[in-house]
Amino acid sequence: LVKEIRAVGKLDYNESRVEYITARVAGRADRLYVDFTGVDVKKGDHLVELYSPNLLVAQNELLMALAAAHRLQSTTRPVDDQFTRTNLKAVREKLLRLGILPEQIEQIEKTRQARTHLTIFAPLAGTVIEKQVRVGQYVEEGDLLYRIAELDPIWLYLDIYEYDIGWIEYGQSVKVALEAFPGEVFHGVVTFIDPFLEDKTRAVKVRVNLKNPDRRLKPAMYASTTIRVPLRSDGTPQPTGYAGKYSCPMHPEVVRDNEGNCPV
């Protein structure tokens, strides 16, 4: 026997797979590699080139520190040598904070030439869901440039009413039907149950992870679902096997018997 629970919900972005791309330095956007929303990008793809006077100043500081270190190679003054090494390390860390990649710093040190532009790269593979920069626009440090979301997996938020919440457990299988794809059934897994009840709706939000390798499922789509809870002979729900196990908060599909580092 099974207890069948029906619920409706809405698809949403996977919060752990959304990145905000901001300007780490003030400057001017001279070139956009991604100039409209909806573009799919890979990790490491070029997004935008910024011209920044502050960046030039920081690179010149690096070149000066390198020159000082080179001059001290033929001397035996340990105090000055220690100061020069500390200064060089500080300048490199400053460039890293400004968004320069380690390999770019190595190239600057090798060629002894400062770069006039800072290229910002995509930190993850996904879809550009927001774009706040245009060619020629001046941006300040911290301004939002892009928002990128990975749509696989995608999240489904269900409203489970108070009288049904006792039947919902982690790891339960969920059958999902979408108006956009009549006749098709998608399968997800319960990965999170909100610890509080919404007073107005008398419902608890339950999150379901759905695989979305072909990106057919879109955020904000409505879904109707069925959760079939197998029953034991005494009428209580059968355990899902998740009790006492550990799951990763960022990757809830990863479940282990013992605590430790997430392999993802």
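User: What makes β11 and strand β14 (residues 222-230) a pair?
Analyst: Two strands pair if DSSP finds at least two bridges between them. In this predicted model, 4 bridges join β11 to β14 in the antiparallel sense, so the definition is met. One of the partners across these strands is S224 in β14, which is bridged to A177. Strands here are DSSP runs of E with at least two residues, and helices are runs of H or I with at least four, both numbered from the N terminus.

User: Which other strand pairs with β11, and in which sense?
Analyst: Strand β12 (residues 186-193) pairs with β11 in the antiparallel sense over 4 bridges. In β12, V189 is the bridge partner of S173.

User: Why are V174, V176 and L178 called buried?
Analyst: Buried means under 20% relative accessible area, exposed over 50%, and partly exposed in between, with a 1.4 Å probe and protein chains only. V174, V176 and L178 point to one face of strand β11 (residues 173-178) and are buried, whereas S173, K175 and A177 point to the other face and are not. In a regular strand the side chains alternate between the two faces of the sheet.

User: How do you know that Q59 is buried?
Analyst: Q59 has a relative accessible area of 0%, and the limit for buried is under 20%; therefore Q59 is classed as buried. Q59 lies in helix α1 (residues 53-72). Contact means heavy atoms within 4.5 Å, and Q59 touches L95, I108, A114 and R115, not counting residues up to four places away in sequence.

User: What makes β8 a partner of strand β3 (residues 27-32)?
Analyst: Strand β8 (residues 138-139) is joined to β3 by 2 antiparallel bridges, and at least two are required, so the pair qualifies. G27 has V139 in β8 as its bridge partner. Strand β3 is also joined to strand β5 (residues 46-51) by 4 bridges, again antiparallel, with R28 opposite Y51.

User: How does the radius of gyration of the chain compare with that of a compact globule?
Analyst: The radius is taken over C-alpha atoms, and the globule rule is 2.2 Å times the number of residues to the power 0.38. For 264 residues a compact globule would have a value near 18 Å, but the chain has 26 Å. Its C-alpha atoms fill a box of roughly 85 × 45 × 35 Å along the principal axes.

User: On what basis are residues and atoms counted?
Analyst: Residues are numbered from 1 along each chain as its sequence is written, and side-chain values use heavy atoms, without hydrogens and water. Local features need pLDDT of at least 70 and side-chain atom pairs count only at pLDDT 80 or more, while totals for chains, interfaces and linings use all residues.
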